[in-house]
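Let's take a walk through this one together. Keep the viewer open and follow along as we go from one chain to the other.

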Amino acid sequence: MATKSGDTSHLYDGKTVRSAAPSRKKLAGQMSAGSDIPKDAVPTVEIPSFIESLLGGPLVPKMKFLPADKMVQNLQLGCYGVLIGLGILTYIVTPAVGTIWFAITGSITIANIIQLMVVIGAVSSGFWGVMGRDARYLLASYVLFILSVLRFASSKVSLSQDLFGFADNDFLLTILVVVYAVLLVMFFELSNGVLRFSMLDTSIRTREVYVMNVKKIVSRYHRSLIINPIIAGSLAMVVLSANTILPAFVSLFSEQTAVRMSESVELISVYGVALGSLFVFLIVGGLFLLDMPTHLQSWRENKD
Amino acid sequence: MWSRKSAMLGSLAVAMYLLGLTLRNSQLVTIAVVIFVFLTWAALFGSHADVASSGRRAEEWSGEEGVALSNVSAMRKLSSARIFEDGEVSVTLRMQNHSALGKILEVKDRVPEVMRIKDGANYILMELGPRRETFIEYTVECPLRGFYSLGPVAVRVQDPFGLFHKEKELHVYNDFLVFPKMEDLKDTFVKSRVPKIFTGAVNIRQPGPGSEFYSLREYFDGDSFRSINWSAYAKTGKLMVNERERDAVSDIIIIVDARSVSETGPVSRNALVYSTRAAASLTKFFLSRRDSVGIVTYGDEIVSIDRDSGSKQLYIILTKLAGAMARGNTPLKVVVNRILPHINRGSPIIVLSNLEDDPTVVSALRDFRARNFDVTVLSPSSLEFEFDAKRLDRTGYEVLKTERDVLISELSSLGVNIMDWEPDMLLSTALAGARGF
């Protein structure tokens, strides 16, 4: 124990003064015979995969969801309904003719079977993904749905099954295609909503986030789920009806040109659709150029 | 701002549109058109009017947050600006919406990482009505000393589908200070043999102004009547007065090792944490004993607070300890050389260090002892912290422990009162051990 004497320096004259204990890092580097650096001493570094880095983050969140609440269950039910409708419509509006498998096999029967399998696969993985709230299956479902529609169509909308005689009426055919497109986008949104609200619900229940006025927030989402498809469908109808609208507009100036336009192959083909979308988006682009969103927002913010 | 979802949808739509034209597939084009409409609608009426999609360039935009968030403001109130470790601060955040439009806002009040939310939440999703305000209350637990700042408040508004969002940081900051936790000490067993209030060196155990009883003596003219011991007068018939033991009012120097190596171990259990807590406890004890306390912290530089007494000194020292950061590698010898000319001979010196990675420790403490300073070393053992955290295996621990024991014996033989302070040991126990009790 400590001596109480005064000057003790004489005790250490000529003595080699030792250094303090070496650093552990140095020691760890020098140790051998089974004395490796403990694994937990090395910090875990998560390196994103190539695809994850392309997408800007993890593809599948590591978060485990708590059992679905009522809101999520409702969204799941909605998703199932949309999936059934989408599956049927996909099969109807995407005949096997012109598909990749038809080009590869050259057989309409085989191509039909493959096309049907792709649609069934898309629906099944969609179901599985929504039920298990697993983004991987949902992604597979999206890819399969897109794959099923990738076909050389020669500008003409053809149907694999025409039980109600849609092919005879251009307007009904357009509606069918628009409904199909809207359902596909709705499936994207609803399935994404299932994951988003599951995450939110889990965060609420683990007290990571507090939500004030849940009902209002949810009702706004529900409202958008109804309004947005209607708007999107209506606008898509306008775009797809270019072969009717444009001749009608031209007929104000020249009846003959209007008739020629309405009978033009280009206008009733996919290029007519492209022209229609060009017109619509030129108008929308013009609105943005005029800074309408900001003006509209300012007006809404500042009105009494 | 585009979200990942909207960016992917946008890319998908463009790809489908071009593929549709190439393959002459109107279904593909229709899907692309529907997606475009979805995105446009969200951008146009989603109450966020994104800068990029509004056609303005970012540098032309006066308010980064856009119109939607320009009318949102926040204020914050803390229950206390100074607390001790493990204390709690209640935070009240007041969010106001000055616009005529209701908003769905995501609000996140940024809290320092080391703090824990005890009650409430600092991340809120809310619907804030037009010209309304709301109060968000939460409590944070502050387990570690330091200077902290709450804020900024991040506010985000997005469309219902999460396609676009606007973010704004409301620069509302509240600073507060977390002092090191203090332990109540009954005795430190540290007393100066050379008190300072009288001229020249006078040993203690002498009568003088103080609080402890020393002896009785006869009354002399000029003695205060208040010090007369009336019981003794009744027994002896002579006026007797109480004499008190003069308090050992002296200079105490506390040296705190704040080198980067002092932070070896977990964030909440390392030598620096223990040292600062010990320094705070000792300061409080000595100041309550009317000693003067000075403190020296060394890391990348030597910072000292000159000796003084009183509650103001306690506050100054606590503030300094709260801000002590583990940095640099200044040897103890340099510190000793710097402070030696300025401290009274015989003043008690308390060193709080893990004694690691400093080859000058022995020489520095020998210098103190050679000048008859009463040196006490409390050495929180980083080895134990590392071993407890399973960052050190048994072999490494044993080797290093042996080396540490050798060093401690060496310092002990210099006449230094030293204690290997293990993590679960109370400060009072460690001090008693160091002083040979």
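How are H7(A) and H8(A) oriented to each other? Before answering, bear in mind that this is a predicted model. Helix H7 of chain A covers residues 170-205 and helix H8 of chain A covers residues 214-240; their axes come within 10 Å and cross at roughly 140°. An angle over 145 degrees would count as roughly antiparallel, and 65 to 115 as roughly perpendicular. H7(A) and H8(A) are therefore oblique to each other. As for the hand of the crossing, H7(A) and H8(A) cross in the right-handed sense.

Now zoom in on where these two helices touch. On the H7(A) side you'll find A:Thr174, A:Val177, A:Val178, A:Ala181, A:Val182, A:Val185 and A:Met186, and they meet A:Pro229, A:Ala232, A:Gly233, A:Ala236, A:Met237 and A:Leu240 of H8(A). Sort the residues of this contact by character and you get eleven nonpolar, two polar and no charged.

Step back and look at chain A as a whole. Its secondary structure comes to 13 helices and one strand. Reading from the N terminus, the elements go α-α-α-α-α-α-α-β-α-α-α-α-α-α. Chain A has 304 residues, and 29% of them count as buried. Among the contacts in chain A with a separation of 6 or more, 68% come from residues 24 or more positions apart.

Over to chain B, where we'll look at sheets. Let's begin with a six-stranded one. In which order do its strands sit? They run E16-E15-E14-E17-E18-E19 in chain B, forming an open sheet with mixed pairing. The edges are taken by E16 and by strand E19 (417-421) of chain B, each of which pairs on one side only. From one strand to the next, the twist averages 10°. A helix sits against this sheet too: H5 of chain B, residues 271-288, packs on it and touches strand E14 (251-257), E15, strand E17 (348-352), strand E18 (374-380) and E19 of chain B. The direction of H5 makes about 170° with that of E14(B).

Within that sheet, have a closer look at one pair. Strand E15 (residues 292-298) and strand E16 (residues 302-308) of chain B pair in the antiparallel sense over five bridges. A hairpin of three residues joins E15(B) to E16(B). If you want to check the register, B:Val296 has B:Ser304 in E16(B) as its bridge partner, while B:Ile295 is bridged to B:Ile305 in E16(B). Side chains in a regular strand alternate between the two faces of the sheet.

Next comes a sheet of three strands in chain B, again open and mixed, in the order E2-E11-E8. E2 and E8 of chain B stand at the edges with a single partner strand each, so one side of each has no neighbour in the sheet. Here the twist averages 30° from one strand to the next. E8(B) and strand E11 (residues 174-179) of chain B form an antiparallel pair over five bridges, with B:Ser149 standing opposite B:Asp175 in E11(B). This sheet also carries a helix: H6 of chain B (residues 311-322) packs on it, touching E8 and E11 of chain B, and its direction makes about 100° with that of E11(B).

Finally, chain B has some loop residues whose backbone deserves a look. Where would you find B:Pro152? The loop between strand E8 (146-150) and strand E9 (153-158) of chain B holds B:Pro152, and the peptide bond leading to B:Pro152 from B:Gly151 is cis, with omega near 0°.

B:Asp86 and B:Arg131 bring us to phi. B:Asp86 is not a glycine, yet its phi is positive, at about 70°. The loop that contains B:Asp86 runs between strand E2 (82-84) and strand E3 (87-97) of chain B. Is B:Asp86 buried or exposed? Exposed is the cut-off class for 12 or fewer other C-beta atoms within 10 Å, and B:Asp86 has 11, so B:Asp86 is exposed.

B:Arg131 is not a glycine either, and has a positive phi of about 50°. Look for B:Arg131 in the loop between strand E6 (123-128) and strand E7 (133-142) of chain B. With 13 other C-beta atoms within 10 Å, B:Arg131 counts as partly exposed.

How values were computed. Residues numbered from 1 in each chain as written. Chains lettered and ligands numbered in written order. Predicted model: local features only at pLDDT ≥ 70, side-chain atom pairs only at ≥ 80, totals over all residues. Axes fitted to C-alpha atoms, helices over the stretch in contact; angles between N-to-C directions. Helix = DSSP H or I, 4+ residues; strand = E, 2+ residues; numbered from the N terminus. Parallel < 35°, antiparallel > 145°, perpendicular 65-115°, else oblique. Left-handed = near helix turned anticlockwise from the far one by under 90°. Contact = placed C-beta atoms within 7 Å. Nonpolar A, V, L, I, M, F, W, Y, C, P; charged D, E, K, R; others polar. Pairing = 2+ DSSP bridges. Buried ≥ 20, exposed ≤ 12 C-beta atoms within 10 Å, placed from the backbone.
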